[in-house]
Amino acid sequence: MIELRGVSKRFGGGTDAVLDLDLVIPAHQVTVLVGSSGSGKTTVLRMINRMVEPTAGTVLIDGDDVAALDPVRLRRRIGYVMQSSGLLPHRRVLDNVATVLRLNGMGRRDAQARALETMDTVGLDRAMADRYPHQLSGGQQQRVGVARALAADPNILLMDEPFGAVDPIVRTDLQDELLRIQNQLAKTIVLVTHDIDEAFRVGDRVVILREGGRIAQQGTPAQIMAAPADQFVADFVGVTRGRRSLQVRVQDGRRIVVDAEGRPAGVLEEEPTA
Amino acid sequence: MNLFRDALAWLLDPAQHTGAGRIAARVLEHLGYTLLALAVAALVAIPLGYLIGHTGRGRQLAVALSGAARALPSLGLLTVLTLAVGIGDAWLAATVVLVVLGIPSVLAGAYAGLEAIDRDVIDAARATGMTEWQVLARVEAPLGLPLLVGGLRSAALQIVATAVLASYVGLGGLGIYIQRGIALRSYDEMLGGALLIVALAVVVDAVLAAAARVARTIAAPARQPAVHTAD
Amino acid sequence: MSWIGANLELIADLAVRHALLCVVPILAGLALALPLGTLAWRVRPLRAAILTVVGLAYTIPSLALFVLLPPLLGISFLSEANVVIAMSIYAVALMTRSVTEGLASVDPSVRQAAVALGYSPWRRFWAVDLPLAGPVLLAGLRVVAVSTVSLVTVGVLVGIRSLGYLFMDGLQRGIPEEIVAGIAATVLIALLFDLALVLVGRVLLPWTRRPSRRAARLRLTARGAA
């Protein structure tokens, strides 16, 4: 469990990126921080692994104040995935995946063997192992980034707009892959995005942030959609624009779902009784 | 440090400031060779560099030739050309050497300046209906000016430095003091000459550094500092 | 060509001396510029000062430097140390800029990623920053090597023997072949140094299949004074 207590961050310019934030991130779930730019979501993420030091407040991981931990050691036990894959361009894929293992002092052969297994986990062909990052597609690079973050088997995975730089089809693939991996590994994942669709798609819990890192609403996607806390949230998730405000209409004996403008969005089926 | 005091005394000696061999005349000679060579190098290299930068063709060749030119020892080139044209026309040999020396830097400055421009800006200029000449004259040339002036600056520096060698083929310039000082073992003249050369090089560099600042304001008038927003 | 045939031994002897005079400055250039350039890159307030000083050192014409160094350092004009130190000064001046630019060319997101993975600052410098600056450093070192080989010839004017001897001797005796032989040998040595550096680069920087545009441009715009 990750806990932020009264956390603030003021940057040199004098603006508060985050102001007095309290947030509890439960273990073994995907928590998505979503907000538009300026909402401080990346700052919140980076305060967890001390890439950014808060100006006030405490960040606790399983009850331990991270400020008391050595930042380098802390980062080695937290996986991190960023938008631009951030792969080391001068290292082969295999060595990139093995980076943290090597930093933790594991021998080269063991680290590479473990890295190959991690590549299997994220669905990367082992044939990629000897390539350099620039020889891969954007989607493949992002998978390598995820593999690198998972290789040392961290409990926590921080993901900063991990699928923001790939095209929509690849993004959907990667989101599916993430859900599949999460089913298997059950990590504590904190994912930052500005895309509300992505948030609802991958998040067990969604935290909607507004300017200055203030929480507009948090809960499961269903809770947020069912009862937006205020107009800001309603606008943000799209119920007011009609995109998520769907209606059922009967056509040719089947019940189809249409949006506010009458465009079909899907077919309504009964939930199977389990 | 006595030697440097002697050099200073030599520099201030009225004997160095009268007659045909006076310091001012040598400085003018030196600057004359420099400016002539820089002008010729610019006349050859700027159009060529713009052609390369505008069309995007011929870059590889220019890079290869410039690299080869750097490997050529100027002193060797100067002496062999002087033998070829005869000592009477040594000025021609010297000018050719200095021009050859200056061309790569100016050329690189010209095409690198054009290459560094955001492609979208040039596409937009074409899209608004500018002819190729207008694109070059109104967009590429002004935006590429800082790098071009940078190229001229390095060329000028190399030419000033190498023009010191001109005295060894009987052409005067500031090298004469070093040459004569070494031959006569007169350290005051040798050091005095060296100090003059350093001073001239520093002044020429400073003048072109100022020109570079002007060029930057032409390329980017009143540039606003970029605003970064942390997310 | 008769002169060349009769003087192969002289040419070979001068060529070896010449090449040896170049080795120390090239290595010293890299070794001293690495801490200096890193300092200029890391400590912003020092950057302008360091780059101004090395820029100024670079404006000093070589013949003037050969004359000024001996009284300053208390060595003989005819000492080979004179040429070696003068050339090292240029090499350091040029490489300091290369180091600073090379480190600045490293993609900030890669550096961020390295921090996030848990690299300590010291380890990150050696394992990430420095190798990624490698292509720019190599380009700078190639310029240093070629211009050093060419510049060493000027030393003959203060009496230090190198292939430059063939230029002045050929001029005085009116033997163009002698000068041409000197030029050819100088260019050959420059090419050999360059080739050696390219090969070292291939081994040490296997991820760069061809030089980046940035490195290529730097190689061209870097200057070499005579």
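The exchange below concerns helix packing in chain B and strand pairing in chain A of a predicted model.

Author: In this predicted model, local features need pLDDT of at least 70, side-chain atom pairs count only at pLDDT 80 or more, and totals for chains, interfaces and linings use all residues. Residues are numbered from 1 along each chain as its sequence is written, chains are lettered from A in the order in which they are written, and side-chain values use heavy atoms, without hydrogens and water.

Reader: Why is α8(B) called roughly antiparallel to α9(B)?

Author: Helix α8 (residues 175-184) of chain B packs against helix α9 (residues 187-219) of chain B at about 160°, with the axes 7 Å apart. Angles over 145 degrees count as roughly antiparallel, and therefore α8(B) is roughly antiparallel to α9(B).

Reader: Which residues of α8(B) and α9(B) meet?

Author: Contact means heavy atoms within 4.5 Å. Among the residues that meet are Tyr177(B) and Ile178(B) in α8(B), and Met190(B) and Leu196(B) in α9(B). By class, this contact of α8(B) with α9(B) has seven nonpolar, three polar and two charged residues; Gly counts as polar.

Reader: What makes β1(A) and β2(A) a pair of strands?

Author: Two strands pair if DSSP finds at least two bridges between them. Strand β1 (residues 2-10) of chain A and strand β2 (residues 16-25) of chain A are antiparallel and joined by six bridges, so the criterion of at least two is met. Val7(A) lies opposite Leu21(A) of β2(A). The two strands form a hairpin with five residues between them, and Gly14(A) in the turn has a positive phi of about 105°.

Notes: Axes are lines fitted to C-alpha atoms, for helices over the stretch in contact, and angles run from 0 to 180 degrees between N-to-C directions. Helices (H or I, at least four residues) and strands (E, at least two) are DSSP runs, numbered from the N terminus. Angles under 35 degrees count as roughly parallel, over 145 as roughly antiparallel, 65 to 115 as roughly perpendicular and the rest as oblique.
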